[in-house]
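Me: I am new to this structure and would like to go through it step by step. Please show it to me first.

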Amino acid sequence: MSTDPALWQEWEGRIVPRGFSIGYIVLSYLVSYVGAWTTLELFNRRTSGKGMYNWYLLCGSSLSMGGISIWCMHYISNRAIVLGDAQFAIQIAYSPTYTALSFFVPVTVLLVAFIVVGSDDRVSIVRVTVGGTLAGLAICGMHYLGQAGISNYTCVFHVGNVVGSVVIAVVASIVALSVFFVLRAAWTNSWWKRAVCAVILAGAVFGMHWTASIGTNYRLKQGVRSPSNSISRDLIVIVVIVLSITACFILFVFAVLARRRRSRSADRAQHVVLASAIFDVHGRLLVTPEGYLPNQKVTTSHIEWSLDDTFAVSHPVFQWIFRTTRNWSSIHSLLPGMRNHLYNDSTQRASRASLKAEVNLGSGDGESPDDYSIILRELFCIAAADLAEQLNEPLENVGILFDQVLGTGQTKTSSKSKVLGSSRGGFNDLESDGMAMPTLGRGQLLFLVRRANRREAERFAASGYRFAEVQNVAHIITRNMQINCNDLQGRLTSMHEYSSDTNVLKPGVHLACFAIRASVRGGFDILTRKDARNQLPTMQLPIDNLDNWQISYLAQLDGSSVTACLKFLKERLASPESTKKEQSFATQLYDALVGLDEEMGDTFADAVLIGSPISAPCYGPGGDNAKPAQATLITFRTIVPIQFRAQGLKFGFTPLSFFRTQQCVYKNSPDHARFARAIHKEFGPLVNKKKLSSRDDDENLESAGSTGKFSRRLKRNVRGPLDAPMKGEGVPKAHSKTLSSLTFWNRKESSGVARGASPTKIALDSSSEIRLVETQTFGGIMVSQEVSVDVRDFEAYSQQRAGGLDDESSKTGVNGIQMGTTGEAMREVDDAETYVDRLLAICIATRR
């Protein structure tokens, strides 16, 4: 710094005249604006007051606002002040201590201000006012602390300007934060609206500084001619440039990431995608800070092998997925094998590197429907596992599949779409009430839904997700994910209700209507409640169960129409011969009939009564974790014409096959165990092929030989399809006393083993049946052994031995009692019959 004595002596102790550089004034506002916009972009991504993710954003917001928008702006603005005739020797110089302190003070105060403001969607006027006041004071505090750090001048302030600058800083900060948080809470804060809020917030800094600067004069200090430890103004400008470029880079990164998300969302809208819809205790939906649902791509597209092979709730793969999501534990151990199988399959066909890009289900070249079905189900399981990892949740907590498929994306005309078939474009489906079928080439969106408790919601918020009101984000989700739905908000509300998983009958007696119609694509559709598509239209009676006399009473009305039943009940109510309990039952039944008839209208008018009550699953007496109980259904049956449409908003038609599947997935259902064994039977040998082939070289030749004989015997003796679920009610419990080990035996040698050889055994643990089907490839045969000792016929057996039995039979006993291992090969059976099957059989058998 120059120390011209004459110039210094001329102005020493006097107020130096000042001027301003317009270029630096404009630059100071731009710097403040960049810092303010970066602050709001960072703060917009905060989701909670907890979690390292949110603390990083909070500290970044404080640094951006305090360090760039305030601190950098202050020193660039002071650079615009020209003292004297612009001689370098008398320009402003700064103290290093005060300069550093002026940086950290506003950052710290703003950190407190942003903590006070909070990050949730509930706008608190008190908190925003307090936070805005602290932010305004941080701006003022930094300015006057920075002015105190001028080492060669004494600042002379005008009181009016000081007061005005404080008012401007506080009011503008409160306004900017209020507008920002109101828009953020309503999810209407698009990027340009945040940019406008940044204009106001930068105006608070800029307006405060220049209001104060205009009322500030500079008196040159006496005796301070050469402050050697002063910071050069050029050095401060360099620091400001570096920090501003950093803020611009952050904004650029945000813009690039936002564009990539939009592009990826638009691309996935053309594919089959699995999304997560998680609701908190207040019914708010979990989304990313941008308003997206967490999602994972399942596959490029679904191949329709025929005109009727539309991927919807009636599709077998969808129903398999639907059951799997109610029984995640059944596939958990198979996931690594599924990944390997997909990778190996794709490598053999395409030699590509990416797992999901490798398995392109959009072409179907050289693929059979069975292989395609397996790969599609594996891809869904992998996508669900990836989604659980994205949410940082175990697979068991990722949710259950919603019972609707939504179409996404825009129609594309390509060669691939022509491969899938072009003859369906103009076909109108009667089942869709005249609406066109889904256009080929569009994507499909599946939803996994669940509810999160308070602790889980806090954990999601701490990891970077937000919970928003459905009405605030429905339009964002529709636009970004290109969902072809006019009422996504209604669908999301249905998902919230569906996530409770409480759509099960209550214990007691219910009056029900079993109404079916033929489907255009084969099979039947069934009339269900729209608010619970797994339940028939019902009306509960105020009784717990039916006594024998009540069952006999109903038998009199077997085959009677609703009108005939109402007439009969009226007559019984008026008859003096009816007992008091008969009149009470008739009144209850009559009221229920009238109530159901009013709800259903013409649909119920032609129904006839099934005289025998039907049992259906319902809640157990011990709550959700109790074993399901059985409710009683007094059912009316009817077959409506194929062109019939459900009237009103309470009822709609559902494919009968899917309705039956829904009856197998209620909590604690014994069908879960059957389904788990069926999954391991089908996928176990497939995903363990590589494992088994590596073990073959290490196996004992004798063991391999005996196993091979047994496998060949099974292939010769067993006929028919073996892909049905296994017989039995559940997977064996741990340390089972019945199924303790598995033995492969030769029927001719069942009474013993060759000398010097030992039987080949595979020890089983708690998942013995599942491990069996994983490690063997012989198909749908369950081989088990049961060790038992029968002493009831011991006396008769002893008498027979005394009478001289042959030696061969005597070898099978120990001390006269036949003990040992008995083996049984059981062919698997289909799922257990449901009440839907019984009602359908009655309806078809008695159709008129």
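Me: What percentage of the 848 residues in the chain is buried?
Reply: This is a predicted model, in which local features need pLDDT of at least 70, side-chain atom pairs count only at pLDDT 80 or more, and totals for chains, interfaces and linings use all residues. Residues are numbered from 1 along each chain as its sequence is written, and side-chain values use heavy atoms, with hydrogens and water left out. A residue is called buried under 20% relative accessible area, exposed over 50% and partly exposed in between, with a 1.4 Å probe and protein chains only. By that cut-off, the buried share of the 848 residues is 49%.

Me: How many helices and strands does the chain have?
Reply: Both kinds of element are DSSP runs numbered from the N terminus, helices being H or I over at least four residues and strands being E over at least two. Counted in this way, the chain has 29 helices and 24 strands.

Me: At what angle do helix α4 and helix α5 pack, and how does α4 run relative to α5?
Reply: Axes are lines fitted to C-alpha atoms, for helices over the stretch in contact, and angles run from 0 to 180 degrees between N-to-C directions. Helix α4 (residues 96–117) and helix α5 (residues 125–148) have axes 8 Å apart and pack at about 180 degrees. Angles under 35 degrees count as roughly parallel, over 145 as roughly antiparallel, 65 to 115 as roughly perpendicular and the rest as oblique. The angle therefore makes α4, relative to α5, roughly antiparallel.

Me: Which strands stand at the edges of the open sheet of 3 strands that includes β5?
Reply: Two strands pair if DSSP finds at least two bridges between them, and the order in this sheet is β1-β5-β4, with antiparallel pairing. Strand β4 is joined to β5 (residues 216–220) by 5 bridges, with C155 opposite Y218 in β5. Each edge strand has a single partner, so one side of each is left without a neighbour in the sheet; these strands are β1 (15–16) and β4 (153–157).

Me: Which residues of β19 are buried on each side, and which residue there is the bridge partner of I526?
Reply: In strand β19 (residues 651–655), 5 of its 5 residues are buried, with F651, F653 and P655 on one side and G652 and T654 on the other. Strand β14 (residues 524–529) runs antiparallel to β19 and is joined to it by 5 bridges. Within β19, the bridge partner of I526 is T654.
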